[in-house]
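Welcome, and grab a pencil. Please look over the sequence and the structure below, then try each exercise before reading its solution.

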Amino acid sequence: MSSVTQLGYLGIGVSDLVAWERFATQTLGLQNNGHDADGTLFLKMDEYHHRFALHTNGSDDVMYVGWEVANEQALQALSARLQAAGVKVTPGSAELAGARRVVELITFNDPNGIATEIFYGPLVNFDAPFASPRAISGFETGTQGLGHIVLGVDDLDDSLHFYRDVLGMRISDFIQLSGVAGGRRMAFFHCNPRHHSLAFMAMPKTSKRLRHFMLQVRALDDVGVTYFLCQDQGVPVVRGMGRHTNDHMVSFYMQSPSGFEVEYGWGARVVDDSTWQVQQHTRGSIWGHRPPSAQPAPQPAVARV
Ligand code: FE
């Protein structure tokens, strides 16, 4: 079955583009790759022209999600499957393809009304390699895509059916946070060796759709340095260092200028579809990921070596 192959790009609507530019470059280490004619800010993290496009629409939420496929045949196959599933698919205009810096795309809404795009042929610039404004080792992207997103959806089963049976993604695992018998359930999906490119849970419609996006760096030191940089820069750390049960990522979560979180991590395990079997967990973390309020108060000073 044909499938999307990676999370290619993310369009985010923001209210404070100046704060975002500073946060993205000085905290996350993404590269400013210039503005489009309408003011859209492009952020680069590898050879792609951009992986993030920030639009000043004030929503402070995901604006569109771009899933990549290999070529035109794969695009047509997925377009046909979407239409067979009753989804209204619109071919992207040449103008839109130009704005996204891709050869061709289609647009549609996922079951939650989230604007979704499938494209092939991203503009890549091997002549102008990624150069982070920070001293970091770089981001784990390539065939694993830009990272992962976690969305709040209306109905977990509807979205599960759509992303697995229509877009062709595979379930990695579930996290049943209040035990196997009930409570909040999260579903995690992969479409390449990255453990998950997408995860979601049912949330009230009033919440933001985008709960967090994750960037994976190539060295544990980059995570540690960025963790303390957040403290120096006054960027709120929402969950401290920890390691996840399912993808084994060592990470922490900071608050973006839009309010939703950004996970910054290293060391995730990868999925091999020839051997992977769906798993379930009842905790999100092996250790850590505590909110700052749950961290113990400092103890009285003792003699230090
Ligand atoms: Fe995550």
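The exercises that follow go from the whole chain to single residues, and the model they use is a predicted one.

**Exercise 1. Overall build**

Task: Count the helices and strands of the protein, then decide how its radius of gyration compares with the globule rule.

Solution: Start with the secondary structure: the protein has five helices and 18 strands. Next, take the radius of gyration, which is 19 Å. For 305 residues the globule rule gives 19 Å, so the protein is as compact as a globular protein of that length. To picture the extent, note that the C-alpha trace spans about 70 × 50 × 40 Å along its principal axes.

**Exercise 2. Inside, outside and charge**

Task: Work out what share of the residues is buried, how the accessible surface is made up and how the charged side chains are placed.

Solution: First, the interior: 51% of the 305 residues are buried. Then the outside: the accessible surface is about 13,300 Å², with 53% of that belonging to carbon and sulfur atoms. Now the charges: there are 24 positive and 30 negative side chains, and 7 Å separates the centres of the two sets. Finally, consider the contacts between residues at least 6 apart in sequence: 68% of them join residues at least 24 apart.

**Exercise 3. An aromatic pair**

Task: Classify the ring pair of Trp20 and Phe23 as stacked, tilted or edge-to-face.

Solution: Rings count as a pair when their centres lie within 6.5 Å, and by this rule there are 14 aromatic pairs. The ring centres of Trp20 and Phe23 are 5.4 Å apart, and their planes meet at 85 degrees, so this pair is edge-to-face. Now place the two residues: they sit three residues apart in helix H1 (residues 17–28), which means that about one helical turn separates them. Trp20 is buried at 1% relative accessible area, and Phe23 is buried at 4%. To finish, widen the view: Trp20 and Phe23 belong to one aromatic cluster together with Phe52, Phe213 and Phe260.

**Exercise 4. Two glutamines**

Task: Decide for Gln144 and for Gln231 whether the residue is buried, partly exposed or exposed.

Solution: Begin with Gln144, in the loop between strand E8 (115–122) and strand E9 (148–153). Its relative accessibility is 13%; buried means under 20%, so Gln144 counts as buried. Leaving aside residues up to four places away in sequence, Gln144 touches Gln6, Asn192, Arg194, Ser197 and Val270. Move on to Gln231, found in helix H5 (residues 220–233). With a relative accessible area of 45%, Gln231 is partly exposed. As a check on distance, the C-alpha atoms of Gln231 and Gly66 are 32 Å apart, with their positions 165 residues apart along the chain.

**Exercise 5. Positive phi**

Task: Find where Arg101 and His248 lie, and give the phi of Arg101 and of His248.

Solution: Recall the background first: most residues other than glycine have a negative phi. Arg101 is not a glycine, yet its phi is positive, about 65 degrees. Arg101 lies in the loop between helix H3 (94–100) and strand E7 (102–109), and at 24% relative accessibility Arg101 is partly exposed. Turn to His248, also not a glycine, with a positive phi of about 65 degrees. His248 lies in the loop between strand E14 (237–244) and strand E15 (250–255), and His248 counts as partly exposed at 27% relative accessibility.

Methods
Residues numbered from 1 in each chain as written. Predicted model: local features only at pLDDT ≥ 70, side-chain atom pairs only at ≥ 80, totals over all residues. Heavy atoms only, no water. Helix = DSSP H or I, 4+ residues; strand = E, 2+ residues; numbered from the N terminus. Rg over C-alpha atoms; globule rule 2.2 N^0.38 Å. Buried < 20%, exposed > 50% of the residue type's maximum accessible area, 1.4 Å probe, protein only. Contact = heavy atoms within 4.5 Å. Areas by Shrake-Rupley, 256 points an atom, 1.4 Å probe, with all protein chains shown as cover. Lys, Arg positive; Asp, Glu negative; His and termini not counted. Charge placed at Lys NZ, Arg CZ, Asp CG, Glu CD. Phe/Tyr/Trp six-rings, centres within 6.5 Å; stacked < 30°, edge-to-face > 60°.
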